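Welcome! Please take a moment to look over the sequence and the 3D view before reading on.

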Amino acid sequence: MSSALGLLGGTFDPVHYGHLRAADAARRALHLAEVRLLPAGDPPHRAAPVATAAHRVAMLELALAEFPGLALDTREIARPGKSYTVITLGELRAEAPLRPLALIVGADAFAGLPTWHRWTEIFDLAHVVVVTRPDAPLPAMPDGPLAEHWAQRLQRDPAALESRLAGAIFVLPVPPQPVSATAIRRALAAGASGVEAVRGMVPPAVLAYIDRNQLYRSRPDAT
Ligand code: ATP
């Protein structure tokens, strides 16, 4: 069986080193052939992104120049309607019937999984890799509807991701990156001091793009 394809979905509004380093750490630790970043068009679980899809894609393209093992997949932006992960995974499965898929999610996103559209079907299509986030510690054992899946699917050996196409949960503690898109947008809305504050949180080419296009200047938002 071929090595797993890693997938990290998100709004990437904007992409930052938290996303990039977590994806790259997962790629290395799990020997993934590649990790694809999939920007959402119309995310089902949150407010509409601040930056347009075209800007978010342009920033991802610039960011990925620093990370050769990561790639961009814009299918959720191209597809009309809500960006449901289960639909995306179904498409990827149809394209590569024998390739294990590994959906990478931050611990915060994992905790919200039971609110996702047809969420239990996700385990039929992909493994789920939960990565550390500074503000969302990894659960020892989640409550509620995830508990049963956790008990049945948790794997400690990363080889499980290659020996089956889907269905495992794997927890991967990656070095915590204290970065969030919300904090970056808030800082940028504060003006020049904010630009200095976010330096180091996003690739320099992304910051230059934000500046050139005057993104996130005047819309502090609560999301
Ligand atoms: P916001 O602050 O607006 O919520 P975000 O960066 O968390 O933005 P997304 O772009 O939707 O939002 O995140 C995409 C995925 O990346 C999610 O699975 C999220 O948990 C994960 N992620 C985001 N930031 C980090 C981080 N610093 N470390 C690890 N994973 C992260």
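This report looks at the ligand, then at its pocket, and then at one loop.

**The ligand and its surroundings**

Please keep in mind that what you see is a predicted model. A good place to start is the ligand, which sits in the largest pocket. Which residues come nearest to the ligand? There are 22 residues around the ligand, and Arg46, Asp108, Arg133, Gln177 and Thr182 come nearest. By class, this shell is made up of seven nonpolar, 11 polar and four charged residues.

You can also find the shell by following the secondary structure. Two strands, E1 (5–10) and E4 (101–106), each supply at least two of its residues. So do three helices, H1 (17–29), H5 (107–111) and H9 (181–189).

Here are some distances to look for in the 3D view.

| Residue | Protein atom | Distance to an oxygen atom of the ligand |
|---|---|---|
| Gly106 | backbone N or O | 3.0 Å |
| Asp108 | polar side-chain atom | 2.6 Å |
| Thr182 | polar side-chain atom | 2.6 Å |

How much of the ligand does the protein cover? On its own, the ligand has 610 Å² of accessible area, and the protein covers 91% of that. Two of the residues in the table, Asp108 and Thr182, are also among those that come nearest to the ligand.

**The pocket itself**

Now let us turn to the space that holds the ligand. The largest pocket contains about 950 Å³ of space. It is lined by 47 residues, and those closest to its centre are Gly9, Gly10, Thr11, Arg46 and Ala109. The elements E1, H1, E4, H5 and H9 each give two or more residues to this lining, as does helix H4 (85–95). Sorted by class, the lining has 24 nonpolar, 18 polar and five charged residues.

Arg46 is worth finding in the view: it is listed among the residues that come nearest to the ligand, and it is also listed among those closest to the centre of the pocket.

**A loop with two backbone details**

Finally, have a look at the loop between E1 and H1, where both Phe12 and Pro14 are found. As background, most residues other than glycine have a negative phi, and most peptide bonds are trans. What is the phi of Phe12? Phe12 has a positive phi, near 50 degrees. A little further along, the peptide bond from Asp13 to Pro14 is cis, and its omega is near 5 degrees. The elements on either side of this loop, E1 and H1, both supply residues to the shell around the ligand.

Note on methods:
Residues numbered from 1 in each chain as written. Predicted model: local features only at pLDDT ≥ 70, side-chain atom pairs only at ≥ 80, totals over all residues. Heavy atoms only, no water. Near = heavy atom within 4 Å. Polar contact = N/O pair within 3.5 Å; in protein donor to acceptor, adjacent residues only side chain to side chain. Areas by Shrake-Rupley, 256 points an atom, 1.4 Å probe, with all protein chains shown as cover. 1 Å grid on protein atoms, 1.4 Å probe; cavity = no way out; pocket = protein on both sides within 12 Å on 5 of 7 lines; lining within 4 Å. Sits in = over half its atoms within 2 Å of the grid points. Helix = DSSP H or I, 4+ residues; strand = E, 2+ residues; numbered from the N terminus. Nonpolar A, V, L, I, M, F, W, Y, C, P; charged D, E, K, R; others polar. Points joined across faces, edges and corners; volume = space filled by probe spheres on them.
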